[in-house]
Amino acid sequence: MVDTSALQNFRYRIRREASGAFNWAKRQWHESRWFRWGVIFLGLALAGWLVLWALLAKDLPDAKTLLEYEPPLPTVVRGIDGEIVHSYARERRVQLQYADFPQQLIEAYLAAEDKTFFSHGGIDAGGLVGAVFDYMSKLGSGERAVGGSTITQQVAKNILLTNEYSITRKLKEMLLARRIEGVLTKQEILELYLNEIPLGRRSFGVQAASRAYFDRDVGDLELHQAAFLAILPKAPETYSRAKFADKALARRNFVLDQMVESDFITPAQASAAKAKPLGIVTQRSERSADAGYFLEEVRRQLIAQFGETADDGDNSVYAGGLWVRTSLDMDMQDAARDGLRQGLMGFHGGRGWRGPLATIDPDKGDMAQQLASSNLSINFQNWRIGVVTARAGSSATIAFADGSTAPLGGLPDAIKVGHVTAVSPEGNGYRVRAVPEVSGAVVVQDPMTGRVLAMQGGFDSRLGSFNRATQAERQPGSTIKPFVYATGLENGFTPSTQVENSSYCYYQGSQLGEKCFRGGRGGQYPLRYGLEQSQNIMTVQIAMESGMPKVIDTFKDMNIGEYPPYPAFALGAGETTPLKMVTAYSALANHGRLNTPSLIDFVQDRSGKVIWRADNRVCTGCAMDEWDGKPMPRLKPAGKQAMDPRTAFQVMHMLEGVIERGTGRRLKDLGLPLFGKTGTTTGPTDTWFIGGTQQYIVGAYVGYDQPRNLGGYEGASLAAPIVKRVISDTRKRWRDDPAIAPTGVRMVRVDRRTGKQVFEGWPTEGEDSAVIWEAFKPDTEPPRSTAADEIEARRKEILEIIRRGSSSNARAQSEAREAEGLEDFVEEQGGIY
């Protein structure tokens with residue numbers, strides 16, 4: 001039971017003592033001047049604190065946001081093997097966890113910035129008093145005072161506040177530091193600090209700075225290097241420059257002394273570290289692969305998907321910290337780059353200097369600085385890009401982006417001051433070099449998946465970002481013919497069908513009547529012959545007999561392009577890109593299944609969650625904990641069935657003849673079961689070769705960006721050697737396995753000259769074999785060859801030999817007649833092929 005009398009007595013005592021205290025204070029107020037002033041001072045202080053709180057604290061950001069803080073991070077790109085090949089960054093940032101920071105590096109920062117970090121509550125009283133006195137001493141001088149900020153205060157400033165130099169900002173910083181200490185652990189605060197502190201050279205955080213200054217990771221830093229990084233927060237732009245090396249050394253050695261004083265290192269360790277130079281690297285090793293065109297195309301696709309900056313969303317390219325797995329195969333990429341460059345340089349030959357890569361105006365300031373801001377460079381042999389800054393007769397001076405200069409020789413008459421050109425070392429100076437004016441593209445693709453393994457869209461992406469593999473719309477010429485023949489095979493033709501090659505006639509209407517064109521090698525030939533020898537008349541015959549609308553539909557189905565149904569488009573008059581053509585050939589190798597070409601396999605956010613993938617097929621049951629005894633789950637085939645599998649294989653099998661005895665014979669000695677097709681447009685202005693196996697498809701295109709005559713070069717002599725170099729450089733990667741036929745294909749022995757079936761004799765090695773294997777759909781095999789057929793075929797062969805052995809004048813006349821017939825056809829149709 002509660003004792004009410006005791007409770008009442010307690011209350012009485014409280015009232016009595018409170019009344020006594022009040023009376024005492026009242027008496028002191030009237031009797032003591034010091035008491036009055038003290039109360040007034042305390043009241044004003046309290047009021048000031050309330051006003052300060054109202055003005056500063058109420059609008060401060062919530063320190064709890066640091067619990068979920070995600071700094072802007074660059075996007076990291078990996079190749080097909082998982083190795084990092086590039087990053088998209090405007091600032092150097094690498095996010096590490098506290099456990100990743102070496103203890104010696106942490107101690108260097110504590111010694112340099114905040115010795116009492118682990119004991120104070122966010123504000124260091126001693127440091128604050130010193131900062132106030134320093135501020136008062138420098139007041140009015142214009143010199144910036146020592147901040148006196150703790151590491152916690154620097155976190156508040158770097159992440160939640162601005163870098164404004166004012167007392168107001170300092171007070172806000174202090175208030176926030178107290179809040180942060182109540183939300184985060186000391187280790188979490190240090191982790192934020194070491195990841196976010198700006199350290200110069202566009203580096204934020206110690207890992208990025210370690211790479212920028214010493215070209216090594218933080219785990220590999222030596223003591224003197226860790227001490228140098230610890231001096232950078234004070235003045236990164238000063239200590240990082242060579243002209244202030246003495247100041248940097250003095251400050252670094254001071255930090256080492258502070259580490260000794262704090263018992264982090266021994267005096268002997270400090271002395272050994274002081275004896276070492278700064279060791280700052282002027283150039284860091286590139287972690288970016290030499291695959292500029294490929295990586296720029298990846299960047300374009302990522303920006304289209306996720307946005308460019310933080311304002312575009314949490315997963316933007318330059319702030320989202322994405323991890324991107326691509327299909328970039330560096331072996332293939334290097335081969336594609338080198339193969340294209342060798343081909344372009346070989347074509348350029350002795351054509352000499354073709355003009356400047358760019359022109360800089362001398363009246364707009366330092367030309368070397370203008371060159372540096374243009375970002376023009378080159379990675380070919382030992383070449384460099386420079387700008388001519390002076391010329392007097394046969395001597396000149398070249399300046400480079402780093403500010404260095406050198407004498408320049410080998411001067412073309414047309415080169416002038418302000419011209420940007422390629423040069424290479426020679427003697428004590430440099431010699432002018434010519435970057436080929438002609439350009440082109442190479443694409444390597446996996447036909448089974450559509451993954452692009454390599455892409456070279458010009459001589460060097462550092463000279464211009466225009467990607468001819470994806471952006472150049474050019475006429476494919478004869479490389480489009482396989483899809484005309486595929487249309488024929490879908491509409492009653494077989495590889496052995498005899499097609500007239502002497503002339504082509506078509507009805508133009510009641511007023512114009514029939515129009516005929518002649519050319520090619522006279523007579524009838526099997527369908528295969530027309531594709532192997534790239535016969536235009538036979539191709540048009542097949543297209544018109546199958547129906548041009550159907551041919552155009554095939555082009556559309558294979559994603560080559562959409563064109564009007566005119567005969568010229570059967571010979572490659574329409575425009576398309578190298579990537580589209582390579583993808584279409586990949587479908588031939590993939591039994592008619594067309595995959596969407598892809599450079600990106602999948603994208604992960606900063607936490608590792610997959611947020612996009614190219615292959616979205618669902619595999620039901622693939623992730624079950626235990627096997628249920630049913631058939632193993634399998635993914636559905638990728639892509640779409642754009643062509644009958646048997647037709648695709650028939651075309652591919654005929655294209656093997658192009659390598660065996662047709663226009664692509666120069667690739668035969670590679671010893672692979674290759675198929676492919678050359679292509680040349682009128683002029684010629686564009687040359688092509690596309691081919692490969694069911695494992696890889698390689699396509700090459702060569703031409704001027706502003707189309708003009710290549711001077712007689714054809715696909716077989718210009719583009720095909722490029723593809724051959726690519727395959728040769730990666731030959732160990734290519735399997736020798738013959739192509740696998742789909743269900744429903746019958747392999748039949750036929751006479752190569754007549755196309756008819758034979759039952760005696762077998763195919764032999766060599767391009768002159770009279771008997772070959774041919775692929776047919778069921779019930780389309782040709783009838784048996786007779787003696788009369790063989791006699792007639794032999795007669796045609798003899799006539800062909802005689803024709804080949806005719807005089808050069810007769811040959812020229814024959815070619816002129818053929819060209820005249822084709823020229824009429826082109827003029828009539830308005831097409832170029």
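Colleague: Let's start small: what is the relative accessible area of Asp-257, and is the residue buried or exposed, or somewhere in between?
Modeller: Keep in mind that this is a predicted model. Buried would need a relative accessible area under 20%, and exposed would need one over 50%. Asp-257 falls in between, so it counts as partly exposed, with a relative accessible area of 35%.

Colleague: Which side chain does Asp-257 meet in a salt bridge?
Modeller: Side chains of opposite charge can pair when their charged atoms come close. Here the N to O distance is 2.5 Å, and the partner of Asp-257 is Lys-274.

Colleague: How many residues apart are Asp-257 and Lys-274?
Modeller: Their salt bridge links distant parts of the chain. Asp-257 sits in helix H11 (residues 245-261), while Lys-274 is in helix H12 (residues 267-274). Along the chain, the two are apart by 17 residues.

Colleague: And what is the relative accessible area of Lys-274?
Modeller: The partly exposed range lies between the buried cut-off of 20% and the exposed cut-off of 50%. Lys-274 belongs in that range, because its relative accessible area is 30%.

Colleague: Asp-331 and Arg-733 also meet in a salt bridge; how many residues apart in sequence are the parts this pair ties together?
Modeller: The Asp-331 and Arg-733 side chains come to 3.5 Å, N to O. Asp-331 lies in helix H14 (residues 330-348), and Arg-733 is in the loop between helix H22 (719-729) and strand S25 (746-751). So the pair ties together parts whose separation in sequence is 402 residues.

Colleague: What relative accessibility does Arg-733 have?
Modeller: Its partner Asp-331 counts as partly exposed, at 47%. Arg-733 counts as partly exposed too, because its relative accessibility is 25%.

Colleague: Where in the chain is Asp-686, the salt-bridge partner of Arg-474?
Modeller: The closest N and O atoms of Arg-474 and Asp-686 are 2.9 Å apart. The pair links distant parts of the chain, 212 residues apart. Arg-474 is in the loop between strand S13 (452-456) and helix H16 (481-490), while Asp-686 is in strand S23 (residues 686-692).

Colleague: Are Arg-474 and Asp-686 buried or exposed?
Modeller: The cut-off for buried is under 20% relative accessible area. Arg-474 comes in at 7% and Asp-686 at 2%, so both residues count as buried.

Colleague: Now the nonpolar packing: which helix gives the most to the largest core?
Modeller: That core has 74 residues, and those with the most contacts inside it include Phe-483 and Tyr-585. The top contributor gives 8 residues, and it is helix H20 (residues 578-589).

Colleague: Which phenylalanines does Tyr-585 touch, leaving out residues up to four places away in sequence?
Modeller: Its contacts include Pro-482, Leu-655, Ile-690 and Ile-697. Thr-479 and Lys-677 are on the list as well. The phenylalanines there are Phe-483 and Phe-675.

Colleague: How many residues of helix H8 (residues 206-214) are buried?
Modeller: The buried residues include Arg-211, Tyr-213 and Phe-214. They pack against several elements, among them helix H3 (103-113), helix H7 (186-196) and helix H9 (223-231). H8 is mostly covered, with a buried count of 9 of its 9 residues.

Colleague: What separates the C-alpha atoms of Phe-306 and Ser-316?
Modeller: Phe-306 is found in helix H13 (residues 292-306), and it counts as buried because its relative accessibility is 15%. Among the residues it touches are Ser-316, Leu-322 and Trp-612. Phe-306 and Ser-316 are 10 residues apart along the chain, yet their C-alpha atoms are separated by 5.2 Å.

Colleague: Why can strand S26 (residues 771-776) be called largely enclosed, and how many of its residues are buried?
Modeller: S26 runs antiparallel to S25, with 6 bridges joining them. One bridge partner pair is Arg-746 and Phe-776. S26 is largely enclosed by the rest of the structure because its buried residues number 5 of the 6.

Colleague: Last one: how many contacts does the stretch 129-146 have beyond near neighbours in sequence?
Modeller: The mean pLDDT of the chain is 84, and 81% of its residues reach 70 or more. Over residues 129-146, though, the pLDDT is below 50. Where pLDDT is low, the predicted coordinates should not be read in detail. With that caution, the number of contacts for residues 129-146 in the model is 17.

Note on methods:
Residues are numbered from 1 along each chain as its sequence is written. This is a predicted model: local features need pLDDT of at least 70, side-chain atom pairs count only at pLDDT 80 or more; totals for chains, interfaces and linings use all residues. Side-chain values use heavy atoms; hydrogens and water are left out. A nonpolar core is a set of buried Ala, Val, Leu, Ile, Met, Phe, Trp, Tyr and Cys residues joined through side-chain atoms within 4.5 Å. Buried means under 20% relative accessible area, exposed over 50%, partly exposed in between (1.4 Å probe, protein chains only). Helices (H or I, at least four residues) and strands (E, at least two) are DSSP runs, numbered from the N terminus. Contact means heavy atoms within 4.5 Å. A salt bridge is a side-chain nitrogen of Lys or Arg within 4 Å of a carboxyl oxygen of Asp or Glu. Two strands pair if DSSP finds at least two bridges between them. pLDDT is the predictor's confidence in each residue, from 0 to 100.
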